[in-house]
Each structure stands twice: as C-alpha cells, then as structure tokens.
Amino acid sequence: SNTGDLVTGAYRIITGADIGLLNAGAIRNSLKAGDLTYGDLMSLLPYDNLMCVAEATGAQLLNLLVVNTAKLPRPDGQFPAVSGMHYTVDANTHEVSNVTVLNKDNGQYEPLDLERVYTIASTDYAICNGGFRNTLAEARILRQGFMSYCDAFIEYVTQHLNGHITQDYAEVDNRIIVTGIDEILK
C-alpha cells in the first residue's frame with residue numbers, strides 16, 4: 001500500500017538502514033492527502049512498538065518474504081511492507097522472485113545477495129518479539145528501543161516532508177508486485 005511505502009520509507013531514512021520493514025498489521029489506519037495532525041499520525045501507528053535496527057543476511061530476508069507472503073491472496077497482518085527493496089510474489093504458487101535491494105551508493109536496485117548482511121529498520125515486535133512469524137529471530141540487534149515507531153514516523157513527516165504528505169505517496173510505488181491473482185479469481 002502507499003501507506004506501507006510511506007511508513008517503511010520513513011524507518012529506512014530516519015535510521016539510515018538499507019531496508020525498512022513493517023508488518024501490515026502494524027498499520028491501523030490510512031492518511032488523507034495534505035496537512036496532517038498529530039492525532040492523524042497516532043491513529044495510523046497506535047501501538048507501543050519501539051524502533052529496532054538489526055542486521056540480517058539476504059538469505060534471512062528471502063526467508064522472511066517467502067514465509068510471510070504464503071497466505072496470499074488472503075489478508076495477513078504479517079505481510080511485509082518494504083522500503084529499499086522490491087520483490088515479486090505469485091499469489092498462486094507463493095514463489096518469491098525478483099528480489100532487489102537499493103544500493104545507497106549508486107541509487108540502483110541490485111539483486112538480493114543471499115550471503116550479504118543488510119541493515120534493517122523495523123519495530124522491536126517485528127524483529128525481536130515474534131513478528132514476521134519469528135523469521136528474524138537470528139538477526140543481530142544493533143539498536144533497540146531508541147524511539148517509538150510512531151515517533152520515528154512523525155520525525156520523518158515533520159523533518160523530511162515538512163508536515164505534508166506529497167504526491168509521491170498518492171499511489172503505490174510498486175515495490176511489491178503480486179502476480180497470479182487472475183488465476184485464483186477464476
């Protein structure tokens with residue numbers, strides 16, 4: 001969703017991580033275009049989750065995607081929204097493919113390297129407390145509990161977007177491509 005794009009982008013940018021991740025169930029509301037109030041932002045991310053930055057290998061990230069997209073096309077609160085990453089998932093076969101990660105040095109998306117260690121920004125729930133079906137249990141924690149997940153988002157909106165959601169987020173960024181829906185709906 002475009003809200004998932006916005007929130008995960010905020011986490012990636014605020015922490016300087018390679019990838020921003022958030023489980024879909026953590027996003028509890030939508031935002032209107034234009035100026036926002038503190039209450040608007042709090043209703044979007046109302047839980048007591050804290051930010052966490054960790055290291056995970058490409059293999060761990062691929063496993064996270066495979067495990068947490070397996071319920072498609074049914075809604076699933078563990079479905080991973082992403083920033084700094086693109087992927088394709090087939091809703092019929094549940095195959096995850098075309099996983100790419102943003103190279104911060106050159107601004108290009110490159111194939112996921114299964115052996116490389118990437119930094120990820122998400123919530124303590126998602127990384128440490130069983131979120132994403134515990135697929136990040138072996139991730140190496142770098143920073144934990146340094147701010148609430150809503151405060152990180154508010155910092156991004158106020159400091160990087162000047163309190164105004166831009167047209168960049170009016171539509172989904174196509175970070176996640178879902179194929180195979182037509183076959184299921186027949």
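Start with helix 5, residues 149–160. In this predicted model, helix 5 lies across strand 1, strand 3, strand 8 and strand 9. Look along helix 5 and then along strand 9: the helix runs at about 75° to that strand.

Next, select helix 3, residues 58–68. Helix 3 lies across strand 1 (19–23), strand 3, strand 4 and strand 8 (117–123). Its direction is at about 115° to strand 3.

Now hide the helices and show the sheet. Five strands make up this open sheet, in the order 4-1-8-3-9. The pairing is mixed. Strand 4 and strand 9 (140–148) stand at the edges. Each has a single partner strand, so one side of each is left without a neighbour in the sheet. From one strand to the next, the twist averages 25°.

Go to the strand 9 edge. Select strand 3, residues 50–57, together with strand 9. The two run antiparallel and are joined by five bridges. Pick out A54: opposite A54, in strand 9, stands I141.

Cross to strand 4, residues 80–83, and select V82. Is V82 buried or exposed? V82 counts as buried, because its relative accessibility is 0%. The cut-off for buried is under 20%.

What is V82 in contact with, leaving aside its neighbours within four places in sequence? Select D5, T8, G20, L21, Y87, R175 and I176. Each of these is in contact with V82.

Last stop: Y38. Draw a line from the C-alpha of V82 to the C-alpha of Y38; the distance is 24 Å. In sequence, the two are 44 residues apart.

Conventions. Residues numbered from 1 in each chain as written. Predicted model: local features only at pLDDT ≥ 70, side-chain atom pairs only at ≥ 80, totals over all residues. Heavy atoms only, no water. Helix = DSSP H or I, 4+ residues; strand = E, 2+ residues; numbered from the N terminus. Buried < 20%, exposed > 50% of the residue type's maximum accessible area, 1.4 Å probe, protein only. Contact = heavy atoms within 4.5 Å. Pairing = 2+ DSSP bridges. Axes fitted to C-alpha atoms, helices over the stretch in contact; angles between N-to-C directions.
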